[in-house]
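Reader: I should like to go through this structure with you. Could we begin with the core?

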Amino acid sequence: MATAAAVAAVAAAANANGGSNHRHHVNATNTSHKKGAATSTTPASNNRNQNIDSDANVKVNLLDIDLWKRFRKLTNEMIVTKSGRRMFPILKVQISGLDPHAMYSFLLDFVAADNHRWKYVNGEWIPGGKPEPAPPSFVYIHPDSPNFGSHWMKQPVSFSKVKLTNKSNGGGQIMLNSLHKYEPRLHIVKVGSSPDSDKTITAHSFPETQFIAVTAYQNEEITALKIKYNPFAKAFLDAKER
């Protein structure tokens with residue numbers, strides 16, 4: 001299946017572009033995947049046969065960047081739960097430079113932003129020791145994948161359905177270690193006429209989107225920002241006050 005090959009292409013790109021800087025290496029192990037699901041991956045060994053072809057014409061712009069910067073200034077936090085919790089801010093990007101008539105898959109993984117475990121002490125985040133062993137890596141496949149370049153460029157690409165978890169429950173969520181810092185990374189894979197011809201044309205991440213995974217918000221200012229800008233959080237607060 002094309003999607004399986006796309007995940008394999010992401011694995012190759014991850015190892016080629018970020019292997020020396022991150023604890024997460026990915027290599028596809030599954031051969032059938034659901035759109036909008038997180039695909040389990042395992043540590044990679046050799047992906048030299050994968051086709052990686054960076055395309056300088058492709059531009060990826062992070063949307064709501066000012067909001068992301070406000071959260072990052074305070075050290076952003078994202079809730080992880082057993083059943084999975086959606087991200088806020090939502091990762092949304094605007095794409096240009098794709099071939100309108102070619103087919104592409106969009107995938108998202110999360111890489112460790114540093115080599116620390118973090119703790120919240122006296123109102124600030126500080127390194128709290130060595131990181132825990134990385135959980136099995138997962139790649140989230142955007143539910144519109146694969147699709148024409150014209151489709152991806154006509155409107156912002158939103159990863160609103162991504163869910164973060166701290167348990168391996170097979171429910172299609174992204175599994176992360178609590179109290180560790182992560183950075184989402186977007187992969188655009190050009191889908192070829194055969195699985196072997198799939199190739200990653202860009203892997204892009206934004207430092208503004210880094211966050212610490214938590215089971216409960218630690219910084220009250222982060223909580224206030226989430227409530228202020230997240231309509232779902234506002235609804236929850238209103239119901240709580242009634």
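Author: Of the 33 residues in the largest nonpolar core, Ile 95, Phe 106, Phe 110, Leu 164 and Ile 188 touch the most other members. A nonpolar core here is a set of buried Ala, Val, Leu, Ile, Met, Phe, Trp, Tyr and Cys residues joined through side-chain atoms within 4.5 Å; buried means under 20% relative accessible area, exposed over 50%, and partly exposed in between, with a 1.4 Å probe and protein chains only.

Reader: Which elements give two or more residues to this core?

Author: They are strand 3 (59-62), strand 6 (92-96), strand 7 (103-112), strand 10 (138-141), strand 14 (174-175), strand 15 (181-191) and strand 17 (211-214). Strand 7 gives the most, with 4 residues. Strands (E, at least two residues) and helices (H or I, at least four) are DSSP runs, numbered from the N terminus.

Reader: Before we continue, what kind of model is this?

Author: The model is predicted: local features need pLDDT of at least 70, side-chain atom pairs count only at pLDDT 80 or more, and totals for chains, interfaces and linings use all residues. Residues are numbered from 1 along each chain as its sequence is written, and side-chain values use heavy atoms, with hydrogens and water left out.

Reader: How is the sheet with strand 3 and strand 6 ordered?

Author: An open sheet is formed by 3 strands in the order 3-6-12, with antiparallel pairing. Strand 3 and strand 12 (157-158) stand at the edges, each with a single partner strand, so one side of each is left without a neighbour in the sheet. Two strands pair if DSSP finds at least two bridges between them; strand 3 and strand 6 are joined by 4. Ile 95 in strand 6 is the bridge partner of Val 60.

Reader: Turning to Trp 118, is that residue buried or exposed?

Author: Trp 118 is buried, with a relative accessible area of 12%, and its place is in strand 8 (residues 118-121). Its side chain makes a polar contact with the side chain of Asp 114 (3.1 Å). A polar contact is a pair of N or O atoms within 3.5 Å; within protein, one must be able to donate a hydrogen and the other to accept it, and residues adjacent in sequence count only if both atoms are side-chain atoms.

Reader: How far apart are Trp 118 and His 180?

Author: They are 62 residues apart in sequence and 6.0 Å apart in space, C-alpha to C-alpha.
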